[in-house]
Amino acid sequence: MGCGTSVATEKQGETLEQDEPVKTPSPALTMKAAVLIQRWYRRYMARLEMRRRYTWNIFQSIEYAGEQDQLQLSSFFTFMLDNFTQLNGNGPDLISQLLDPVVDPWLDRETCYNLIHVPESYTGPRLSFPLSVADTNALLSAFKDQQTLHARYVLQLLYETKKLLKQMPNIVHLSTSYYKEITICGDLHGRLDDLLLIFYKNGLPSAETPYVFNGDFVDRGKKSVEVVILLFAFLLLYPDYMHLNRGNHEDHIMNLRYGFTKEVMQKYKTHGREILQLFQDVFSLLPIATVIDGKILIVHGGISDQTDLDFLSSIERHKVKSALRFPRCSLEHLDISQSCRQTKRTRSTDSSRPSSSRSQNKNQRTPNTRKKRCRLSRQDSAASTSSSSSSSSSSSSLCSPRTPSCLSPHAFPSSPCMPYSVNVLQVPFLDSLSSIPLPSPSQHEQEWKQIVDILWSDPKIQDGCSPNTFRGGGCYFGPDVTQRLLLQHGLQLLIRSHECKQEGYEFCHNGKVITIFSASNYYEEGSNRGAYVKLGRELVPRFYQYQVSRTTRKLTLTQRVRAAEGSALRALKEKLFAHRSELMVGFQQYDQNNTGRVSVCEWALVLESVLRLDLPWRTLRPHLARLAPDGSLEYQSCFEDMGPGIPLPQVTPNLAETLFRYRTDIEIIFNIIDKDHSGLISIEEFRQTWRLFSAHLGVAIDDSAIDDLARSIDFNKDGSIDFTEFLEAFRVVHKLDSKDQQLHEKMDGEKRTG
């Protein structure tokens, strides 16, 4: 009985073994089994690779969409700063304090940091300048122990770094004849653990171990301050063996969106603004390229067909405080009256048009319609951006400013088969619009475009140079552009960063371009490895990979893919929820009978036309929407798993969706207004925010609705609004997560009572 084996059974088995020897399987059967196992394994790995790839595409598409939003927001700020005063007579103080901050002369005095008292209770490192090895070791130990460097030493370190960088050229030239090997690292993005692991595996910066860090030291990660302080400290200690290139995130406007500004203000509440101002100066002084042995070019982003290294060597790089800050292009020097006379003459020749056309044009000049034309539209701006970028041979510009349509470049086709070229600017003059020829780019604008290309561009497989519309800045450059630049300057290889790669590095352009990325687990735990590359005197690259998290290393490949996939799908569902009304309009255009169902093909077309993320929607469908029994798709199921954070009854559904969608943009504008970063702004400042925001988006928001909203969220009625709590109300909540959390809380409660 039970699970045991009887003696009789064992004896019978022995008898059978003696009578009938065990048959060995035939070689054909063994081979067939092996083929079946191999086929199953290959299918399994192919499915896993498919999941890994679309997960990666989701992460990357959402990341680049955020960068494009940031570029468009900053270009709107630039337009307002350049032209708002002249057209309306009152300057935008809120914007100018961000884009053109007044430099405090106190920061330029060498004794500024000496006035800051360091209390006896401070237990962190006390630096002495010039720095010694003991100082950098003290910093390493302190940051490993989660300590924060005192503001006095941060300011002094930044001041000394600024003095050193002022003496450095735009393009640094290195030689392997002086070093055994040079180590090149890519983006770190505030990952202190990655930096410490690199130092542990490869050695600390020294004469024997020189480094080139290729930009993007800050933002996204939680330890950006510590990372950049360590890099600057080693730069001061070993200026001949530590080299830093500027990245597109060494930019004070990018820092507003991606976390570095907030991190500095949280860690240094008293002197945070002074520290940020010095960081801004130091970032603008960082070199923009490094050349090794005259053969290897290292830049952060890439190049364009207009990149000129000789020209880059001669520009004044410190003038480009932000690559997102468009060169000032005021309308003052443009002859509006003369252009208007030309416009009137042109208008007089239009009498041959049909009367309906003339009456339509006449109706368009009514005040109400003129106001509508002057509103901002994201879609129109995107179209203008695409056409204006396409006309440029170098494509070396950021997204066009989100200007009102009555103040935006209007594209006219030079011929039916030629691309649109933007050659005029239409501005209001008296009761009409006047076309003004755009001036030729100034020296400063040419310099700015060259730096934008270096910091923002990405390689592509196809030949040629085209606008980088996915990111919104710089260009896509093909193998022919790479080859041309390398031949022109006698180079062999281009090393760049700027893009996260699953293995930490990647070759392209027939091995002439290397992308190196040093922040492991960038999107999610297990999403990617970090890597660095070493070059010896033979200039043959050798790659070293790593992954910081110990827990990640213990996970199987399937577990890593599943974790990353879940995180990516959550972010994608939040995108769907934030664009719910637009998606519903698109679905209902195909669903004329209001059945709540569309075909999978129609569903995918609507998603791509609204979100423009270039994702494999059909592959993702099982994770996003439910099929009906007849094979059609129930499009309402896209939004079932999500809901608002803290519903506010005073907020209309349309306004709520606007807040969900542009939550990050609103936070940036709030941070601009909140000078002391206290998290509180007055009700009047809240109204100013909405005026700026409604102009930015072209969204008509009623003033009375904003006043009601402001009063409702002034919970203690002191005239101030805690916008952190306000923004928390407009965070997408995943209902399944909420149910799981409630279940866990209930189980914990039962355990405690038990």
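# Why these words fit this model

Modeller: The accessible surface of the protein comes to about 36,600 Å², and 51% of that area belongs to carbon and sulfur atoms. Areas here come from the Shrake-Rupley method with a 1.4 Å probe, and for residues only the protein chains shown count as cover. This is a predicted model, where local features need pLDDT of at least 70 and side-chain atom pairs count only at pLDDT 80 or more, while totals for chains, interfaces and linings use all residues. Residues are numbered from 1 along each chain as its sequence is written, and side-chain values use heavy atoms, leaving out hydrogens and water.

Colleague: Thanks! What is the mean pLDDT of the protein?

Modeller: The mean is 77, and 66% of the residues reach 70 or more, on a scale from 0 to 100 that gives the predictor's confidence in each residue. Two stretches stay under 50: residues 399-422, with 76 contacts beyond four places in sequence, and residues 425-433, with 39 such contacts. A contact means heavy atoms within 4.5 Å.

Colleague: How many helices and strands does the protein have?

Modeller: There are 28 helices and 24 strands. Both are DSSP runs numbered from the N terminus: helices are H or I over at least four residues, and strands are E over at least two.

Colleague: Why is Arg246 called buried?

Modeller: Buried means under 20% relative accessible area, exposed means over 50%, and partly exposed lies in between (1.4 Å probe, protein chains only). Arg246 has 1% relative accessibility, so Arg246 counts as buried. Arg246 sits in the loop between strand 4 (242-244) and helix 8 (252-258). Across the protein, 50% of the 754 residues count as buried.

Colleague: What lies 2.9 Å from a polar atom of the Arg246 side chain?

Modeller: That is the backbone oxygen of Val320. As for Phe213, its C-alpha is 8.8 Å from that of Arg246, although the two residues are 33 apart in sequence.

Colleague: The loop between strand 4 and helix 8 also holds His249. Which side chain does His249 join in a polar contact?

Modeller: The partner is Asp219, at 2.8 Å. A polar contact is a pair of N or O atoms within 3.5 Å; within protein, one must be able to donate a hydrogen and the other to accept it, and residues adjacent in sequence count only if both atoms are side-chain atoms. The 2.8 Å pair is within that limit, so the name fits. His249 is also buried, at 1% relative accessibility, and beyond four places in sequence His249 touches residues including Glu67, His189, Asp216 and Tyr258.

Colleague: What makes Asn202 buried?

Modeller: Asn202 has a relative accessible area of 12%, so Asn202 falls under the cut-off. Asn202 is found in helix 6 (residues 192-202), and its side chain makes polar contacts with those of Thr183, at 2.9 Å, and Tyr211, at 3.0 Å. Among the residues in contact with Asn202 beyond four places in sequence are Tyr532 and Lys534.

Colleague: Those two belong to strand 16. Why is strand 16 called largely enclosed?

Modeller: In strand 16 (residues 530-535), 6 of the 6 residues are buried, so the rest of the structure largely encloses this strand. Gly530, Tyr532 and Lys534 point one way, while Ala531, Val533 and Leu535 point the other way.

Colleague: How do you know that strand 16 and strand 17 pair?

Modeller: Two strands pair if DSSP finds at least two bridges between them. Strand 16 and strand 17 (residues 542-546) have 5, so they pair, in the antiparallel sense. Gly530 stands opposite Tyr546 there. These strands form a hairpin with 6 residues between them, and Leu539 in the turn has a positive phi of about 60 degrees. Strand 2 (residues 182-185) is joined to strand 16 by 4 antiparallel bridges, with Ile184 partnered by Val533.

Colleague: Which strands stand at the edges of the sheet with order 10-12-11?

Modeller: That is an open sheet of 3 strands with mixed pairing. Strand 10 (458-459) and strand 11 (465-467) stand at its edges; each has a single partner strand, so one side of each is left without a neighbour in the sheet. Strand 10 runs parallel to strand 12 (residues 475-477) over 2 bridges, and Asp458 is the bridge partner of Tyr476.
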